[in-house]
Amino acid sequence: MSDRAAVPATSATAAPVRFAAVIPAAGRGVRLGPGAPKALRALNGTPMLVHAVRAMAASRAVCLVVVVAPPDGAAEVRTLLDAHPLADRDSTRTDVLVVPGGATRQESVHLGLKALPDDITAVLVHDAARPLVPVDTVDAVAAAVRAGAPAVVPALPLADTVKQVEPRTGEPEPVVATPERSLLRAVQTPQGFDRATLVKAHETVALDGEGATDDAGMVERLGVPVVVVPGHEEAFKVTRPLDLVLAEAVLARRRANDGF
């Protein structure tokens, strides 16, 4: 692994902070409909997973990307990534490792953490389904971790009013509360963590049902503070067919404006 990826220490006595990004990509994404797993769906002819890996590698903070593949699909994912290499500027400082995942996102992230080299001291956990996160957002999360925050999430203020309801099936749901919108944030990824903190959360918080879908929530259950930095509207999650249309439009705008 290249020493160029080490982030300079914040003081003369502090050890360098070395970041790895873990991308759980073992899910099938049923809400996008039948076909390939969600992470392998194409955007502008390139799989979403490749876009997500490139987004992490674009940050100078990241020296390793660990892709957690479907349990029986690690070889396929490795072949896919080899067919879509990183840009030259990223490949000189960023390694990409593929490991088999588990049955849930929580299990997959835990397996990704176990694959990290000993010299990694901080971790970014990123959804493969957020392929267009700008590098400035990645850098902002990394900077907050480097500054001492044990857990960091990017997030946006809510545009819509939110209602808390009493869940019911097949009939109207009664509203039980209207949370104050100004106090709420829509959380995105990558979420950043001190490695030891995240490992402790995964070793402490028991797997329940389908497992945790938010690593910061697991850290909160340890009583560890989590802070928020500004997210970005282009870091949206591709979950439904309409999201694919929006993602293609974002890529088209980037090509037109930035030569992406």
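His126 is buried, with a relative accessible area of 0%. The model is a predicted one, and this residue is a convenient place to enter it. His126 sits in the loop that runs between β6 (122-125) and α5 (135-146). Its side chain makes a polar contact of 2.8 Å with the side chain of Thr189. Leaving aside residues up to four places away in sequence, His126 touches Val22, Ile23, Pro24, Ala52, Met56, Val133, Thr189 and Pro190.

One of those neighbours, Ile23, leads on to the nonpolar interior, since Ile23 is also touched by Leu49. The largest nonpolar core has 38 residues, and within it Leu49 and Val67 touch the most other members. At least two residues of this core come from each of β1 (19-24), α1, β4, α2, β6 and α5. Helix α1 gives the largest share, seven residues. Beyond four places in sequence, the contacts of Leu49 are Ile23, Ala25, Ala39, Leu40, Val67, Val77, Leu81 and Ala128. A second core, separate from this one, holds 22 residues, among them Val109, Ala151, Ala201 and Met218.

Two of the residues touched by Leu49, Val77 and Leu81, belong to helix α2. In α2 (residues 74-83), the buried residues are Ala74, Val77, Leu80 and Leu81. These cover an arc of only 125° around the axis, and therefore lie on the same side of α2. Ala75, Glu76, Thr79, Asp82 and Ala83, on the other side of α2, are exposed. The cover over the buried residues of α2 includes β3 (46-47), α1, β4 (62-69) and β5 (95-100).

Helix α8 can be read in the same manner. It spans residues 241-258, 18 residues in total, and reaches 26 Å from its first C-alpha to its last, close to the 26 Å expected at 1.5 Å a residue. Asp243, Leu244, Ala247, Val250, Leu251 and Arg254 are buried in α8. Viewed down the axis of α8, the buried residues fall within an arc of 120°, so they line one face of the helix. On the other side of α8, the exposed residues are Leu242, Val245, Ala256 and Asn257. Among the elements covering the buried residues of α8 are β2 (42-43) and α1 (48-57).

Helix α1 thus recurs along this route: α1 is part of the cover over the buried residues of α2, part of the cover over those of α8, and the source of the largest share of the largest nonpolar core.

Notes:
Residues numbered from 1 in each chain as written. Predicted model: local features only at pLDDT ≥ 70, side-chain atom pairs only at ≥ 80, totals over all residues. Heavy atoms only, no water. Helix = DSSP H or I, 4+ residues; strand = E, 2+ residues; numbered from the N terminus. Buried < 20%, exposed > 50% of the residue type's maximum accessible area, 1.4 Å probe, protein only. Polar contact = N/O pair within 3.5 Å; in protein donor to acceptor, adjacent residues only side chain to side chain. Contact = heavy atoms within 4.5 Å. Expected span 1.5 Å × (residues − 1). Arc of directions from axis to C-beta. Core = buried A, V, L, I, M, F, W, Y, C linked by side-chain atoms within 4.5 Å.
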